Amino acid sequence: MQADGLKASSILTEMGNVTAALKLQGVTLEDPRLRMVLKGLAKMKVEQPRDQARPISKRLMWDVVQRAPPKAAAVFAIAWLTCSRIGDVRRTPASDVTLKGELMELSWRQRKDWRNIGVVTTVRTGPWREFVERHLRLLAPTDTLGGDWTTARFASLLPKTYSGHSIRRGAAQFALKHASAESVRTLTLHATLTGLIRYAPLAHRRQQIRASRALADAGTGDEEREP
């Protein structure tokens, strides 16, 4: 069990962690921004923990894609490359996916988070390209990538200890090991860095994300946290 926010018993520890992270970024104890950050942390509401999908590793995801039917392989590959939900990818029309050399452009017209409808995501495909390209050849422009398959049917092809959301979590964790939190936030289409915290694989990654968010809030005079 993990929590999106902080448990009551960990707020003091978190205040110390964020203070240390901000100091590494040049924020001293005398800096008024630090006082604003600590004040905001002290006001944080305690959130109840909730179950989180087990993140899938890149190696296991690759094995799944290689064994999956063409339709599932393409949907899984795109979900991994874009750190997306299976449901969002399977509802995407083939015409909204464009392969340009090593790049793939995806225009989001069907998403669970409606505020990101219309956003275009561009990623490098690497070895995942062949699975996407193979499936696109079989589709008419108006066909959706997932056809009549439900999200549950796609998820059933994953190992038993994983769920559909395991791909989004696993891809985000992998990305956080190789890119900045802000770059990954842009890829996952989270509104703020706060929303990305639950995807961070290690404590120091969570600390970095919280520190970045704290600095951004302090710089704008915003002491309120995202609900």
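This is a short dialogue on reading a predicted model of one protein chain.

Trainee: How many helices and strands does the protein chain have?

Mentor: The model is predicted. Its protein chain has 10 helices and 3 strands. Along the sequence, they follow the pattern α-α-α-α-α-β-β-β-α-α-α-α-α.

Trainee: What share of the residues counts as buried?

Mentor: Buried means under 20% relative accessible area. Of the 227 residues in the protein chain, 46% meet that description. The accessible surface comes to about 11800 Å², and carbon and sulfur atoms account for 53% of it.

Trainee: How should I read a helix such as H8, and which of its residues are buried?

Mentor: An α-helix has 3.6 residues a turn, so residues three or four places apart point the same way. Helix H8 covers residues 166-176, and 10 of its 11 residues are buried, so this helix is largely enclosed by the rest of the structure. Among the buried ones are Ser166, Ile167, Arg168, Arg169 and Leu176.

Trainee: Which phi value does Cys83 have, and where does Cys83 lie?

Mentor: Cys83 is not a glycine, yet its phi is positive, at about 55 degrees. Cys83 sits in the loop between helix H4 (70-82) and helix H5 (86-90). With a relative accessible area of 1%, Cys83 is buried.

Trainee: What about the phi of Leu189?

Mentor: Leu189, also not a glycine, has a positive phi of about 65 degrees. The loop that holds Leu189 runs between helix H9 (181-188) and helix H10 (203-220). Leu189 is buried, because its relative accessible area is 10%, and the cut-off is under 20%.

Trainee: What share of contacts joins residues at least 24 apart?

Mentor: Among contacts between residues at least 6 apart in sequence, the share is 65%.

Terms used. Residues numbered from 1 in each chain as written. Predicted model: local features only at pLDDT ≥ 70, side-chain atom pairs only at ≥ 80, totals over all residues. Heavy atoms only, no water. Buried < 20%, exposed > 50% of the residue type's maximum accessible area, 1.4 Å probe, protein only. Helix = DSSP H or I, 4+ residues; strand = E, 2+ residues; numbered from the N terminus. Contact = heavy atoms within 4.5 Å. Areas by Shrake-Rupley, 256 points an atom, 1.4 Å probe, with all protein chains shown as cover.
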